[in-house]
Amino acid sequence: MVGYVIRRCLALVFVVFVISVITFVIMYSVPGGPFEERQMPLQGAQRENILRKYGMTGSIFERYIAYVGNALQGDFGYSFFSPTERVQDLIARVWGPTLILGGITIAISLPLGVWLGILAAKHKGSFLDLIINTFATSMTVIPGFVIAVALILTFSARIRLLPSGGWGGPEHLVLPVIAYALGPTATLIRYIRGLTLDELGLDYVRTARAKGLAEHLIIPRHVFKNLMIPLVTVFGPTIPLILTGSVFIETTFRIPGLGQYLVSSSVNRDYPMVMALTLIMAVIWGITLLVTDILYVKLDPRVEL
Amino acid sequence: MSKQKMTRRTFLGLAGMGVAAGLAACAAPTGRPSGPAVYEGPATPAVPTPTTAPQANVLGKVLPPDAAPLDKQVMVVFGGTPYTLDRFISMYQSSGLTSPYSLGLVRFNKNYDLLPAAAESWSPAEDGKKWIFKLRRGIKWSDGNELTAHDYVATFQLGASPEHAWDFAWYYLNLKNWGEATAGKVPVSEIGVKALDDYTLEFEATTPAPYLPSQLIWSVPLSKAALEKHGKFYNNDVATSVTCSPLKLTEWSKDKRFVLELNEKYTGPAEMIPWYTKFVSEVPAAIDAVTAFQSSDVLWMRTDATTGRVAEADPSLADQVYWMYGDFRTYFVGFNFAMKPFDDIRVRQALSMCFDRAPIVQAVAGRGGVPAYTFLAAGFPGSWENSPEAKTIQPFDVEKAKQLLAEAGYPNGQGFPKLEIPVTPIGGQTASLIAQGFAAEVKNQLGIEAEVVNRDWRVFIEEVRTNRAAAVWVDSYGMDYLDQSNMLGVFTSNRLTNWNNETYDAMFNEAAAYAGPKEERDAKFYEAEKMVLSQFVICPLYHERIPYLIKPQVTGPGMEPDKIGVRGSHWPDDYGLGEFWFTTYIKNM
């Protein structure tokens, strides 16, 4: 196991290197630069001054070498659009709200989705099943930002119970967490319901019942274990997405998080931010997939790495 | 049609429903839910507390009788939190309610009269190449230093510094040695901005510049002492921020908000003191920001034309939508003079004359656009947009357009290359749709295949303006300062278009430098603009109007109509401590 983890970590380093090269080349190949202003195109000395100030002179190879050299020393440069702070400081500042929002969302959607999915399966065909299914289907097909706007109109504009956005107290978390959690919860409900129904029809459940095991103990003692591997498969990849923020949720609710930078950095050609965010995403995905693989082994001894 | 008699029971039932609905409607504005409220927005409508005695803020400005209490005089706007609020640090990235820490030399009122701010007076010298500005005495920075000419000189020298690489450096290229200084060829001390003494500033341009006082709307200085002590970002920290404006920084939370409160040490012009006690600039929601406005979380916000039209159609918002000039931006079709067949004036004429602006602009933009027949919009100095002549230069005349196209060798569009028309993204949906209207007319009337392509802003700039790779495009320009020399200067050689015409350059330079009577100067610019239009350098499409949403509790002289009847905030109120902000207040509702 230890050898496997070390091999995967080394592979991850290689993957990050390849991604950094690809991103760097693509970034500088896209038409339009970060300092093309809407009034007058920068020309002559003014243009040269800005390019020099932000280290955009020299060949792409020279710029990449300089970037990697600085990055290995922990210096990811300055954001072009927030040049008073280094990229790593900016990311550290804005990641906090994203992690809080994402963490609470995971903490709510994971148990709620599993519980409601199992509940719907246990009461298959009942009115409760219909309600849960309708809810899950609706929340799957309605885009998150539509839900977000509906929540703001209802709870902020109409009854003024909660703020329409911003970041500060717990009241600022309620609407974004609801809007953010509904999608993953709905996905989990539908998935877990289907899996549970499959499991409930298998021989080992019939055996458990035949042996007289109480109905309310069958799922937690026997079925739940078998749900874990597909659960990890489905929910694992959701975690990096949630932890790196949703641009829709963050911009709709004015949350000073990382998600908005994922889009604005690309649109604004903020190269240092694009590079740092891409590398962070690569590392998080790599770690998530590694942890997921390790969990497979822990959950099912038949799996070998 | 049968008439149904209303019974007493039906009447009472309906009346009861009506009363209930009325009560509900009356209850709504208070913002009080029936259940326990756990949150009160920062700018809920003011509680109607009658004022019994005149209230004065810390700077002694007495509130009008109908004003809400002092603690409710909080203006919350969607202005964002740019990384700097100092225009000389960055012009293009300091969007929002900027330049709140100091006083420029001049300012505009809502009628666009140029008024003194920190300057007391100004006068030209040496045939208009030099301008002497006398500063008011006794204006103090919050650190106790006096605002002097040396602050302005230090600020302009920073702007010209190659190391600073100011993104707006091109704006002052007309100043003596400015270009040379930004290129590092001469020291910044050589630029044409000198302190003759503590209270006298001298600006020297390379040519006579009667427009220079207006150009100096962007002359908001940094504190020389603070620059030397804390560096150029000293205003990003409450602890080191220094102000000589009526406002001071009290909170700076990047990506959340910044807060400005009245500066009790203010010693500048009394007429620039606001009634507000606090300004809060929140980060706007990128998606559906109007919901925050509806929630009263902000009282003032700028939006786009599409949203403005939607808001106008909403009875609860219709009376809170104000359409403003913005920066007098004009959208136009541009032609590439280096590409055939657009070097042929008959082709440009044909394309321009097949487009019937008025119905398309009206249908697409509503109040968000005014059909353009000239480049300078009505209300801009020297504009002749509303004159009868304006519509005669590029008239809508399909038959003539077809004839000209045939004469140019393309009867019914045969053999004409397919047009791919990039459109500037800053005009949003409105510009894109009007561009599509233009393309449709070109196709339907002239038989030329034309397609509009939406471009990312930076791709558009590179393709259209830098590389000159597009044949025909839709672009726009809005003013940087209020003078024809700014707007019409974009048609001089190798600037916004590649129509390089020495005659026009000479006409423009003569008009820009003319220091005689205004009427004569306007006449010279009229001839220059007429040349642009009659040479079909561009085909003007529409003049943009920007919608603002302003809550009804915002009132005062600033909300009264200007001299041509336009109400609300005026350029450059988005960007500075303009008249709107110190002539409005929050009234009791």
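This report describes a predicted model, taking chain A, the contact between chains A and B, the domains of chain B and one glutamine in turn.

## Chain A

Chain A has 305 residues, and buried residues make up 46% of them. Its secondary structure consists of 13 helices and 2 strands. Measured out along the principal axes, the C-alpha trace of chain A spans about 85 × 60 × 30 Å.

Among the contacts in chain A with a sequence separation of 6 or more, 72% join residues 24 or more positions apart.

## The interface of chain A and chain B

On the chain A side, 50 residues are in contact with 62 residues of chain B. Together the two chains bury about 4,600 Å² between them. Carbon and sulfur atoms carry 55% of that buried area.

Across this interface there are 4 salt bridges. One of them pairs D456 of chain B, D456(B), with R269(A), and the closest N and O atoms are 3.0 Å apart. The interface also holds 14 residue pairs in polar contact, counting pairs in which both residues have pLDDT 80 or more. Several elements of chain A supply at least two residues each to the side that touches chain B: the helices α2 (44–53), α4 (87–122), α6 (144–158), α11 (247–252) and α12 (259–267), and the strand β2 (82–86). Of these, α2(A) gives the most, with 6 residues. Sorted by class, the side of chain A that touches chain B has 25 nonpolar, 14 polar and 11 charged residues.

## Domains of chain B

The domain assignment divides chain B into three parts. Domain 1 is made of the segments 27–100, 245–322 and 550–589, domain 2 covers 106–235, and domain 3 covers 327–544.

The centres of domain 1 of chain B and domain 3 of chain B, taken over C-alpha atoms, are 36 Å apart.

## Domain 1 against domain 3

Where domain 1 of chain B meets domain 3 of chain B, 5 residues of domain 1 are in contact with 13 residues of domain 3. These two domains bury about 730 Å² between them, with 48% of the area on carbon and sulfur atoms.

The interface of domain 1 and domain 3 of chain B has 4 residue pairs in polar contact, with both residues at pLDDT 80 or more. It also has 1 salt bridge. E312(B) forms a salt bridge with R367(B), in which the closest N and O atoms lie 2.6 Å apart. By class, the side of domain 1 of chain B that touches domain 3 of chain B has 2 nonpolar, 1 polar and 2 charged residues.

## Q55 of chain B

Q55(B) lies in the loop between α1 (8–27) and β1 (74–78) of chain B. The relative accessible area of Q55(B) is 16%, so this residue counts as buried, the cut-off being under 20%.

The side chain of Q55(B) reaches the backbone nitrogen of L70(B) at 3.2 Å. Leaving out residues up to four places away in sequence, Q55(B) touches K61(B), V62(B), L63(B), A67(B), A68(B), P69(B) and L70(B). L70(B) is thus listed among the residues that Q55(B) touches and also supplies the backbone nitrogen that the glutamine side chain reaches.

Definitions and conventions
Residues are numbered from 1 along each chain as its sequence is written. Chains are lettered from A and ligands numbered from 1 in the order in which they are written. This is a predicted model: local features need pLDDT of at least 70, side-chain atom pairs count only at pLDDT 80 or more; totals for chains, interfaces and linings use all residues. Side-chain values use heavy atoms; hydrogens and water are left out. Domain bounds come from an automatic or database domain assignment. Contact means heavy atoms within 4.5 Å. Buried area is the accessible area (1.4 Å probe) that two parts lose on being put together, summed over both. A salt bridge is a side-chain nitrogen of Lys or Arg within 4 Å of a carboxyl oxygen of Asp or Glu. A polar contact is a pair of N or O atoms within 3.5 Å; within protein, one must be able to donate a hydrogen and the other to accept it, and residues adjacent in sequence count only if both atoms are side-chain atoms. Ala, Val, Leu, Ile, Met, Phe, Trp, Tyr, Cys and Pro count as nonpolar, Asp, Glu, Lys and Arg as charged, and the others, Gly among them, as polar. Helices (H or I, at least four residues) and strands (E, at least two) are DSSP runs, numbered from the N terminus. Buried means under 20% relative accessible area, exposed over 50%, partly exposed in between (1.4 Å probe, protein chains only).
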